[in-house]
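Student: Got a minute to walk through this one with me? I'd like to go element by element and then look at the odd spots.
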Amino acid sequence: MVQETRVNLSDLVMPYFIIHGEGIKREIPALPGQFHYTVDQLLLECQELKALGIQGILLFGLPDHKDPVGSEAYHQAGIVQQAVRAVKANYPELTVITDVCLCQYTDHGHCGVIHDHAIDNDQSLELLAQTALSHAQAGADLVAPSDMMDGRVLRIRQVLDEHGFQETGIMSYSVKYASAFYGPFRSAAGSTPQFGDRRAYQMDPANSREALMEAALDVTEGADMLMVKPAVHYLDVIKSLKENFSLPVAAYHVSGEYAMLKVAAREGLLDEERAMVETLVGLKRAGADILLTYFAKDMAAWLRRNPQ
Ligand code: PBG
């Protein structure tokens, strides 16, 4: 009766890494308990999600081929586009969110186009908007730009609207820090920058007023949801977004945050389930409405055993 905060099934979004091919479900060494899936295997997962009551997935793609402009990111037959079409055809009720970024698709591993060893913000915007449009055309419910280029929410909104996708929402990675905790993801997605780092476009972990500015820009540009990423070291930022804006706030408990708990638990240093619940409840207590987490399935199973 006196518990102030609860994690609900409907808060949980499960991320997936999709690969080309058929019949493959391969464990990701950097992310214990997570797998690379071909589209047919993803559909089997969706069946499990349905049984667990999870309502949302976030899709990342691993292309067959990388090039300087990340062509597969916005190709109609790209891996994410194929996955979205298959999921929506079989599980129309599942909310499909797609990560919109070029870093998995570029041979240099940066999130946009490079000129003279520097990111070209405005040229990148067009390719990101084309990526978002191709996801919407495949049937995505929400596109989630994670590139951190300036002005991308506005450009994506314009292009979606021009093509009749007024109903496709934008979950913006509004506050995305240049973090060490993306390490396992970059290994899983093959998206480590080949030179330099992402500090020209991702945020300085020391800044919180800048987080408010980034979020305010996204609100005026047309975002439907705001995201803070990583989550655990940025609870103050989650709280201030919740207090300052009326849009839903999503928290992304990222790969490194997840892997730390998994590895510590494997070593017998902590109780994995208790650590998971404490972490996710903490994100809710800070103000998160939506939890993007590799623990989504485990948390859903826990909720089933421990009705709230
Ligand atoms: C793509 C992207 C990243 C993550 C989500 N989208 C990696 C990065 O910015 O380097 C990280 C997610 C995670 O660590 O779980 N830009």
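Student: Let's begin with α8. How many of the twelve residues of α8 are buried?
Tutor: Nine of the twelve are buried, so α8 is largely enclosed by the rest of the structure. Keep in mind that this is a predicted model.
Student: Which residues of α8 are buried?
Tutor: They are S255, G256, E257, Y258, A259, L261, K262, A264 and A265.
Student: And what do the buried residues of α8 pack against?
Tutor: Three helices and a strand, if you go by the labels: α5 (183–189), α9 (272–286) and α10 (296–305), plus β11 (249–253).
Student: How far does α8 reach from its first C-alpha to its last?
Tutor: Helix α8 covers residues 255–266 and reaches 16 Å, close to the 16 Å expected at 1.5 Å a residue. Just after α8 comes G268, with a positive phi of about 80 degrees.

Student: Switching to α2. What span does α2 reach, and what is expected?
Tutor: Helix α2 has twelve residues, 79–90, and spans 17 Å from first C-alpha to last, close to the expected 16 Å.
Student: Which residues of α2 are buried?
Tutor: In α2 the buried ones are I79, V80, Q81, A83, V84, A86, V87 and K88.
Student: What covers the buried residues of α2?
Tutor: The cover includes the strands β1 (12–18), β4 (56–61) and β5 (95–100), along with the helices α1 (39–52) and α3 (121–138).

Student: You mentioned α3. Where is L125, and is L125 buried or exposed?
Tutor: L125 sits in helix α3. It's buried, with a relative accessible area of 11%.
Student: What does L125 touch, leaving out residues up to four places away in sequence?
Tutor: M149, D150, G151, R152 and R155. For a sense of distance, L125 and I170 are 45 residues apart in sequence and 15 Å apart in space, C-alpha to C-alpha.

Student: Now voids. How many cavities of 30 Å³ or more does a search of the whole structure find?
Tutor: One. The largest cavity has a volume of about 150 Å³. It is lined by 19 residues, and the closest to its centre are C103, K176, Y182, F185 and K229.
Student: How does the lining of the largest cavity divide into nonpolar, polar and charged?
Tutor: Nine nonpolar, five polar and five charged.

Student: K229 rings a bell. What kind of peptide bond joins K229 and P230?
Tutor: A cis one, with omega about -10 degrees. P230 is in the loop between β10 (225–229) and α7 (235–244). As background, most peptide bonds are trans.

Student: C103 is on that lining list too. Which residue outside the immediate sequence neighbourhood touches C103 and Y201 both?
Tutor: H110 does: H110 touches L102, C103, I119, P193, F195, D197, R198 and Y201, not counting residues up to four places away in sequence. The side chain of H110 also makes a polar contact with the side chain of Y201, at 2.7 Å.
Student: Where is H110, and is H110 buried or exposed?
Tutor: H110 is in the loop between β5 and β6 (113–115). At 3% relative accessibility, H110 counts as buried.

Student: Any backbone oddities besides the cis bond? What is phi of D116?
Tutor: Near 50 degrees, a positive value in a residue other than glycine. Most residues other than glycine have a negative phi. D116 is in the loop between β6 and β7 (118–120), and at 77% relative accessibility D116 counts as exposed.
Student: What about M148? What is the phi of M148?
Tutor: M148 also isn't a glycine, and its phi is positive, about 70 degrees. M148 is in the loop between β8 (142–145) and α4 (152–162). M148 is buried, with a relative accessible area of 4%.

Student: Last stop, the early loops. Is G21 buried or exposed?
Tutor: Exposed, with a relative accessible area of 54%. G21 is in the loop between β1 and β2 and touches T38 and D40, residues up to four places away not counted.
Student: And Q34: where does Q34 lie, and what does Q34 touch?
Tutor: Q34 lies in the loop between β2 (25–27) and β3 (35–37). Q34 touches M14, P15, R26, E27, I28, Y258 and Y294, again not counting residues up to four places away in sequence. At 6% relative accessibility, Q34 counts as buried. One of those partners, Y258, is among the buried residues of α8.

Technical notes
Residues numbered from 1 in each chain as written. Heavy atoms only, no water. Helix = DSSP H or I, 4+ residues; strand = E, 2+ residues; numbered from the N terminus. Expected span 1.5 Å × (residues − 1). Buried < 20%, exposed > 50% of the residue type's maximum accessible area, 1.4 Å probe, protein only. Contact = heavy atoms within 4.5 Å. 1 Å grid on protein atoms, 1.4 Å probe; cavity = no way out; pocket = protein on both sides within 12 Å on 5 of 7 lines; lining within 4 Å. Points joined across faces, edges and corners; volume = space filled by probe spheres on them. Nonpolar A, V, L, I, M, F, W, Y, C, P; charged D, E, K, R; others polar. Polar contact = N/O pair within 3.5 Å; in protein donor to acceptor, adjacent residues only side chain to side chain.
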